[in-house]
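Trainee: I should like a close look at a single part of this protein, namely the way its helices pack against one another. Please give one connected account, written for someone who works at the bench.

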Amino acid sequence: MSTIALPPLPADFASTRDALHRLAVYVIAPAQRLANGEIILRATPGGFSTFAFDGRTVGVDGADLVVDGARHPIGSLNAAARLAGITPDVAQQEQFDVPQHGDLDAPLAVDAEAARALGAWYAFATDVLDAVRATAGAGEDATIVRIWPEHFDAAIDLGDGAAGRRATYGASPGDHHHAEPYIYASPWAGRIGPFFDDPGFKGAARTRTQLAASADPRAAAVEFLTEARALVRAHA
């Protein structure tokens with residue numbers, strides 16, 4: 001696997017991430033859930049999208065909403081929902097870690113370059129998490145890489161839950177724990193040792209800045225999650 005660089009993020013990354021988080025929660029994930037009950041998303045070129053449902057997909061590529069292959073300016077939550085064939089699911093506002101929906105008719109502030117940087121982060125995360133997932137043994141029940149709309153992170157669950165050795169391994173684009181993107185490991189058993197020392201949650205994290213300082217950010221990310229996984233597997 002070749003080295004994957006992590007270039008500086010665009011100036012509008014945080015505001016675009018937050019706008020797209022709202023779009024994911026209130027429009028894109030609900031479009032899929034209403035059809036098949038699923039809310040999970042995936043990394044796609046230029047952004048993210050639903051998995052295929054009833055022969056359809058809804059996602060983001062840069063500053064465009066892509067519905068069944070047709071591209072449209074994202075516009076507001078109401079405008080995007082009309083294109084997806086639903087109304088915004090404002091009830092999602094009551095879920096944990098979900099941003100406020102705000103004015104449903106106000107244009108979402110989405111910068112195309114920043115949206116593609118978000119998509120690149122999810123692609124990086126998916127590659128790293130798939131490398132960790134490939135090491136799963138019998139009985140560890142590794143999930144696929146999924147982007148969860150509520151937290152807006154890409155993650156897998158892996159390990160023997162009955163033995164207290166299961167954890168979530170993931171990558172966030174930034175949240176109330178860390179302003180910038182970061183990768184993390186969160187044991188289901190809690191803070192099981194000094195390695196898991198993040199002050200905001202019961203796990204361990206490495207920021208995008210820390211990874212970017214490495215000669216090989218991908219290798220650094222895989223190494224970090226592999227170390228976390230070894231500690232989780234050794235937990236008695």
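Mentor: In this predicted model, helices α1 and α3 are roughly perpendicular to each other, because the angle at which they pack is about 75° and angles from 65 to 115 degrees are classed in that way. Their axes lie 9 Å apart. On the α1 side, the residues that make the contact are F13, T16 and L20, and α3 contributes A114, A115, A117 and L118. Sorted by class, the contact of α1 with α3 comprises six nonpolar residues, one polar residue and no charged residue.

Helix α1 also packs against a second partner, α2. The axes of α1 and α2 come within 10 Å and cross at roughly 15°. That angle makes α1 roughly parallel to α2, since angles under 35 degrees are given this description. The crossing of α1 and α2 is right-handed. From α1, the residues R22, L23, Y26, V27 and A31 take part, and they meet L77, A80, A81 and A84 of α2. Eight residues in the contact of α1 with α2 are nonpolar, none is polar and one is charged.

The next pair brings α3 together with α5. Helix α3, which spans residues 112-133, and helix α5, which spans residues 217-234, pack at an angle of about 45°, and their axes are 10 Å apart. This makes α3 oblique to α5. As with the preceding pair, the handedness can be stated: α3 passes α5 in a right-handed crossing. The α3 side of the contact consists of F124, D127, V128, L129, A131 and V132, whereas the α5 side consists of P217, R218, A221, V222, L225 and R229. The contact of α3 with α5 includes nine nonpolar residues and three charged residues, with no polar residue.

These contacts can be set beside the nonpolar interior. The largest nonpolar core has 59 residues, and L20, L23, F48, Y169 and L225 are the members that touch the most others. Helix α1, residues 13-36, gives the most to this core, with 11 residues. Of the members just named, L20 belongs to the contact of α1 with α3, L23 to the contact of α1 with α2, and L225 to the contact of α3 with α5.

Y169 deserves a closer description. When neighbours within four places in sequence are left aside, Y169 is in contact with L129, A154, A155, I156, L158, Y184, A185, L225, A228, R229 and V232. Among these partners, L129 of α3 and both L225 and R229 of α5 also help to form the contact between those two helices. Apart from the largest core lies another core, of five residues, which include A155, Y182, Y184 and F201.

Two arginines extend the picture. R233 is found in helix α5 and counts as partly exposed, because its relative accessibility is 45%. Not counting residues up to four places away in sequence, R233 touches E140 and R165. The C-alpha atoms of R233 and E223 are separated by 15 Å, with the two residues 10 places apart along the chain. R146, by contrast, has its place in strand β6, residues 146-148. R146 counts as buried because its relative accessibility is 17%, and the limit for that class is under 20%. Beyond residues up to four places away in sequence, R146 touches I40, L41, D153, A154, A155 and D157. Of these, A154 and A155 are also contacts of Y169. The C-alpha atom of R146 is separated by 13 Å from that of F124, a residue 22 places away along the chain.

Finally, two loop residues call for a note on backbone geometry. D97, in the loop between α2, residues 77-84, and α3, has a positive phi of about 70° although it is not a glycine. D97 is partly exposed, with a relative accessible area of 28%. D54 likewise has a positive phi, near 50°, in a residue other than glycine. D54 is found in the loop between β2, residues 47-50, and β3, residues 58-61, and it counts as exposed at 65% relative accessibility.

Technical notes. Residues numbered from 1 in each chain as written. Predicted model: local features only at pLDDT ≥ 70, side-chain atom pairs only at ≥ 80, totals over all residues. Heavy atoms only, no water. Axes fitted to C-alpha atoms, helices over the stretch in contact; angles between N-to-C directions. Helix = DSSP H or I, 4+ residues; strand = E, 2+ residues; numbered from the N terminus. Parallel < 35°, antiparallel > 145°, perpendicular 65-115°, else oblique. Left-handed = near helix turned anticlockwise from the far one by under 90°. Contact = heavy atoms within 4.5 Å. Nonpolar A, V, L, I, M, F, W, Y, C, P; charged D, E, K, R; others polar. Core = buried A, V, L, I, M, F, W, Y, C linked by side-chain atoms within 4.5 Å. Buried < 20%, exposed > 50% of the residue type's maximum accessible area, 1.4 Å probe, protein only.
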